[in-house]
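This report describes a protein model for readers at the bench. Please keep the sequence and the structure in view while reading.

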Amino acid sequence: MSSLVADHIQRLDAHLDRLLDLSEVVSSEASSEETQVVSSEAGSEESEDHVRKPLLRPLFGIADAVSGPGQDNLLAIIQSLSTTNSSKPLLGLDRIKQLLTRSGLPDRFFDHGEELTTQSSYHLLISWLVVAKAAVQLHGVVLNTLLDQIIPLNNDIWYWDEVLNSYTYSSLYIVQTSPWRFAAWSLDIYRDSIARIRSSSAQESAELFVNATHTGLSQQWDHFYSIVRESIRDRSFANVQRKVLSPVAFARAEARRKQVHLRKLRELTACGLGVLMSEGFQFVQEDDKVTFHDYEDLKGTVERSIALMDMVLKEVCHIDLSTSDFEEKVFAGVDSDPDVSLSNDTAMASRQPAVLGRRLLYIIEKSLPGHAIDIGAVVSDNGRPPRLVRYWLPGVVGLLSSTTVLQILVNRKADIIDWIADFGATARDFWFNWVIEPMHKVVQTIRHDSSSEIAILSRDSLRADRESLERMVVDFAIDKPHFAEATGSSLSEAQIDAIRTKVAEGDVTPVLRAYERDLRTPFKGAIRGDLVRSLLIQVQKTKVDLEVAMTGIDSLLKSQELVFGFVGMTPGMLVSIGVWRYLRGVFGGRTCQRKSTKAIQAIRVLRNIDRILSEAGPAQPNSHLSYKDHGLLLCEVHTLKSLAGTLMPRNIEKEFQEDLSDLAKMKGIQVQISALARLRWAYARWLQ
């Protein structure tokens, strides 16, 4: 994933790589000069063979002159300082310091009284490239340092916003800091009392000693307590503000003061970042052709950029300065810097790489560590309280209640073990009975396993009951042929077959006729037996009808057997998926939620960029952002670049990075507003 600083350093390093071609220019020009001298001495009367040999000798002489162990070492260091040497374009401070020390530039210089030869000119050029590449790498380290310092300041500023905007948080802040306030107050009283005791005259001390010997130690202790009481009283008079203001108002005043200091530090850091990005290493790049003018421009640019880095690191922590005063002080310091003024002295030009090399080591060893200490002191005094201050109260409560909790756990150890065992058994039974077993049944259904068929009735139940009904009706018709509309005293085989066919279709007319007749005289029919028999046959008929209906339902269930299998499996699967997603979110990281959170964060960054551009003033055609606004914009662009890799595909990310580069460049406020609008509509799909 590329970053804003890495892309900037790679562009600067690519320009420096083009200057390596100047070595060929130096060699070719030196060869031509030496060839002309040889030709003039030979005379026009010599033959072409005599001229060709002097022409070849300077070429080999130049190759021998510019080669050597010193030049090879510097070339290897240049390659190590290049951004293309490894997968990480930015080197660390230790690596830069090691390469500078290995080059030997800080410890040596050219004799300014000696005339530069071809070898020394080439060596000087390579030395300048070593210094330039080391300065560019250090420039990237300084930019990253400022970015890493300014971005966390927003969290501290937001913390004080919460304290100022909420009475609850203000009261909580008082409780959290009360032990440290009391300790600081006690320490002040102690120091003041010690100072009062030491300032007592020798006579008072002698009298106190004499009185102590006669009256005992009580008088001495009374005198000590009186001094302490006076110190407390004087301290109370000095802190009138604490008496006038309520504790909450006093806490808010302190939070407001610290927030103002942090905002000032952020503005100065952003201003320093904008100055370094806008004014540092501004090479003149008109075309791709490299000339000696680029070499001369390299010297002045490197000198000024190194001095600019040093001045920014020294002045950025002075929160009593305004941004305009900071800018004036930085540029005035650069203009009056003695190392920059050396570039105007031709006699000292040859030793300038060594001077700048020592300056780079000074920045690495002194300026950057001192800047980190100063920034840490300001943030420590004005940032949000450390975690010990913020969480000591829950820690004390947890520590005091830990014995009670442990006692409860020990006393109910058996119950807790039973609960855990029951929970495990329940989870296991749920898994096998409501997930595994339904899945097994669904698989059997898909395979048409006969044992898995859903059935309400047995297979032969309806057939047996229907045949029994046929026999009952046929026997009844044979016994009572007149109910079957028989022409004779008995039924023929054809009539019996017809009755059997009608019974299969559900028609039991002979039985119903007998039933209708016997209902006229129910007691007589019951005694004679026809009514009871017809009733029993109708009961069998009802049973058959019921079984036919149940058979239809059974067929319907069999046709939807797979659906019912999935329905039975659904509750267990839903519960299992829900538990799995919850556990994955708790222990495995919430990928989708993180992506949504980053999209929301990206939208907030775009809002901050819009606010910076809107507050910068009217968008005139040639207007540019101030150094402070440019630094704040670079911080937001850096944050947005870091979010792009997780929000959009790789091909879209490349276009997104190009638009971000247009937004970060100082091409005018109107161009930056257009780039911001393009970011919003072109990538709205991935920023929702």
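## Glu254, a buried charged residue

Glu254 counts as buried, because its relative accessibility is 15% and the cut-off for a buried residue is under 20%. This residue belongs to helix H11. With neighbours up to four places away in sequence left aside, the contacts of Glu254 are Tyr173 and Arg181. Asn382 lies 128 residues from Glu254 along the chain, and the C-alpha atoms of the two are separated by 9.4 Å.

## Basis of the model and its confidence

The structure is a predicted model. Its mean pLDDT is 76, and 75% of the residues reach 70 or more. Two stretches call for caution. Residues 23–68 have a pLDDT below 50, and this stretch makes 24 contacts in the model beyond near neighbours in sequence. Residues 109–116 also have a pLDDT below 50, with 13 contacts in the model beyond near neighbours in sequence. Where pLDDT is low, predicted coordinates should not be read in detail.

## Overall architecture

Which secondary-structure elements does the protein contain, helices or strands? The count is 27 helices and zero strands. The protein has 688 residues, of which 37% count as buried. Among contacts with a separation of 6 or more, 80% are between residues 24 or more positions apart.

## Nonpolar cores

The largest nonpolar core holds 108 residues, and the members that touch the most other members are Leu138, Val302, Ile306, Ile609 and Leu663. Helix H6, which spans residues 118–165, gives the most to this core, namely 24 residues. A second, separate core has 17 residues, including Ala484, Val503, Val508 and Ala514.

Which residues does Leu138 contact once its neighbours within four places in sequence are left aside? They are Leu93, Ile96, Met309, Leu360, Ile363, Ile364 and Leu368.

## The largest pocket

The largest pocket encloses about 880 Å³ of space. Its lining is made up of 25 residues, and those closest to the centre of the pocket are Asn154, Trp158, Arg266, Asn608 and Glu636. Two or more lining residues come from each of H6, H11, helix H24 (591–615) and helix H25 (627–647).

H24 provides the largest share of the lining, with eight residues. By residue class, the lining of this pocket comprises 11 charged, nine nonpolar and five polar residues. Helix H6 thus appears in two settings: it gives the most residues to the largest core, and it is among the elements that line the largest pocket.

## Other buried charged residues

Is Asp13 buried or exposed? Asp13 is buried, because its relative accessibility is 2% and values under 20% count as buried. This residue is placed in helix H1, residues 4–18. Apart from residues up to four places away in sequence, Asp13 touches Leu81, Ser82, Thr83 and Lys133.

Glu315 is located in helix H12. It is buried as well, with a relative accessible area of 9%. When residues up to four places away in sequence are not counted, Glu315 touches Leu321, Phe326, Lys329 and Val330.

## Gly572 within helix H23

Gly572 is part of helix H23, which covers residues 561–587. Its relative accessible area is 0%, so Gly572 is buried. Leaving out neighbours within four places in sequence, the residues in contact with Gly572 are Phe430, Trp434 and Val435. Phe432 is 140 residues from Gly572 in sequence, and the C-alpha to C-alpha distance between them is 9.6 Å.

## Backbone geometry at Phe281

Most residues other than glycine have a negative phi. Phe281, which is not a glycine, has a positive phi of about 55°. Where in the chain is Phe281 found? It lies in the loop between helix H11 (247–279) and helix H12 (292–315). Phe281 is buried, with a relative accessible area of 2%. The two helices that flank this loop also carry residues described above: Glu254 is in helix H11, and Glu315 is in helix H12.

Conventions: Residues are numbered from 1 along each chain as its sequence is written. This is a predicted model: local features need pLDDT of at least 70, side-chain atom pairs count only at pLDDT 80 or more; totals for chains, interfaces and linings use all residues. Side-chain values use heavy atoms; hydrogens and water are left out. A nonpolar core is a set of buried Ala, Val, Leu, Ile, Met, Phe, Trp, Tyr and Cys residues joined through side-chain atoms within 4.5 Å. Buried means under 20% relative accessible area, exposed over 50%, partly exposed in between (1.4 Å probe, protein chains only). Helices (H or I, at least four residues) and strands (E, at least two) are DSSP runs, numbered from the N terminus. Contact means heavy atoms within 4.5 Å. pLDDT is the predictor's confidence in each residue, from 0 to 100. On a 1 Å grid over the protein atoms alone, a cavity is a set of points where a 1.4 Å probe fits but cannot get out, and a pocket is an open set with protein on both sides within 12 Å along at least five of seven lines; lining residues have an atom within 4 Å of a point. Grid points are joined across faces, edges and corners, and a volume is the space filled by probe spheres set on the points. Ala, Val, Leu, Ile, Met, Phe, Trp, Tyr, Cys and Pro count as nonpolar, Asp, Glu, Lys and Arg as charged, and the others, Gly among them, as polar.
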